[in-house]
Amino acid sequence: MAFDWFKRKAKNITTSTDEKKDVPKGLWHQTPSGKVVEHDELRRNNYVSPEDGFHVRIGSAEFFEILFDEGKFTELDANVESIDILNFKDTKPYADRLKEVRAKTKLTDSIRNAVGTVKGTEMVVSCMDFAFIGGSLGSVMGEKIRRAVDYCIKNKLPYMIICQSGGARMQEATYSLMQLAKVQAKLAQLSEAGLLYIAYLCDPTFGGITASFAMTADIIMAEPGALIGFAGPRVIRETIGRDLPEGFQTSEFLQEKGFVDFIVKRTEIQDTVSKTVKLLAVNA
């Protein structure tokens, strides 16, 4: 089957070997439904396929570009990095794993903090990067969220966390799980200061993050079709001994059950967050 966009309009074009260039990776993107979208078009549409509405997974760099006015922001706590506290080793030493993923992703850990304006309103946004060990929750994520909350309280700013994670980071064991209590304690202080906390749940949001701060925000938003849960469907099915409802663990299902306030398309996230902050934020 031939596609029109691959047909050459002018015939007998010759290019010397030295002048030939490889096609850049990621020039085209195919969604799960089989739709093919040109990468630049996808980017212009906030990485949402205009063909079928599929939300392509993106990282903090893209989210900050989408959310902040003109894509301008100041990164906070950029140099905080994980260390191998337990000298942990599975298929490879944790220290080596960290070194490899930092080189591959150019990130220091699985979350980044930034402050900037969203439709003119200054706020702090923490965004997880799934590319960094599955956006896993470790000691650095907990510490960065703590610092972001302290910054909000000091400067009386609303706060937002963009969640996309597989859960706790097993290589840090109990140190990872301790971050759940640490983050919740800081968010309680944020609430006591009268400052707004928004969570935006993306695909996937799982494990301890779902069991804690992803579900304790003042306003919980989610991307369409995002998978959100604590354990996987197979584990749940085997535990309760029955089949699960259709669409179980999707953002739409959770909204129907009252766990999610709004389903917000990524193309509308800046406007929605801005309106929410202006309506609900109360400066202490």
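The following dialogue examines the structural terms applied to this predicted model.

User: On what basis are residues numbered and values accepted here?

Analyst: This is a predicted model, in which local features need pLDDT of at least 70 and side-chain atom pairs count only at pLDDT 80 or more, while totals for chains, interfaces and linings use all residues. Residues are numbered from 1 along each chain as its sequence is written, and side-chain values use heavy atoms, with hydrogens and water left out.

User: What makes arginine 146 and aspartate 150 a salt bridge?

Analyst: A salt bridge requires a side-chain nitrogen of Lys or Arg within 4 Å of a carboxyl oxygen of Asp or Glu. The closest N and O atoms of arginine 146 and aspartate 150 are 2.7 Å apart, so the pair meets the definition. Both residues lie in helix α4 (residues 139–155), four residues apart, about one turn of the helix. Helices here are DSSP runs of H or I with at least four residues, strands are runs of E with at least two, and both are numbered from the N terminus.

User: Why are arginine 146 and aspartate 150 called partly exposed?

Analyst: Buried means under 20% relative accessible area, exposed means over 50%, and partly exposed lies in between, with a 1.4 Å probe and protein chains only. Arginine 146 has a relative accessible area of 25%, and is therefore partly exposed. Aspartate 150, at 26%, is likewise partly exposed.

User: Which parts does the pair of aspartate 150 and lysine 186 tie together?

Analyst: Aspartate 150 lies in helix α4 and lysine 186 in helix α5 (residues 173–192), so the pair ties together parts that are 36 residues apart in sequence. The N to O distance in this salt bridge is 2.7 Å. Lysine 186 has a relative accessible area of 12% and is therefore buried.

User: How do you know that glutamate 172 and arginine 169 form a salt bridge, and are they buried or exposed?

Analyst: Their side chains meet at 3.8 Å, N to O, a value that satisfies the salt-bridge rule given above. Glutamate 172 is at 1% relative accessibility and so counts as buried; arginine 169, also at 1%, counts as buried. Elsewhere, salt bridges that share partners join Asp77, Glu143, Arg146, Arg147, Asp150, Lys182 and Lys186 into one network. The count by this rule comes to 17 salt bridges.

User: How many disulfides are there, and why is cysteine 163 not bonded to cysteine 202?

Analyst: A disulfide is a pair of cysteine sulfur atoms within 2.5 Å, and the count comes to zero. The sulfur of cysteine 163 is 7.7 Å from its closest cysteine sulfur, in cysteine 202, which is too far for a bond. For cysteine 202, the closest cysteine sulfur is in cysteine 127, at 7.1 Å, again too far. Cysteine 163 is buried, with a relative accessible area of 0%, and cysteine 202 counts as buried at 1%.

User: What makes β3 and β9 edge strands?

Analyst: Two strands pair if DSSP finds at least two bridges between them. Seven strands form an open sheet in the order β3-β4-β5-β6-β7-β8-β9, with mixed pairing. Strands β3 (74–76) and β9 (262–263) are the edges, as each pairs on one side only. Within the sheet, β6 (residues 159–165) and β7 (residues 197–205) pair in the parallel sense over six bridges, and the bridge partner of cysteine 163 in β7 is leucine 201.

User: Where is there a cis peptide bond, and what is unusual about asparagine 87?

Analyst: Most residues other than glycine have a negative phi, and most peptide bonds are trans. The bond joining aspartate 203 and proline 204 is cis, with omega about -5°; proline 204 is placed in strand β7. Asparagine 87 has a positive phi near 50° and is not a glycine. Asparagine 87 lies in the loop between β3 and α3 and, with a relative accessible area of 66%, is exposed. Asparagine 46 also has a positive phi, about 55°, and its place is in the loop between α1 (39–44) and α2.
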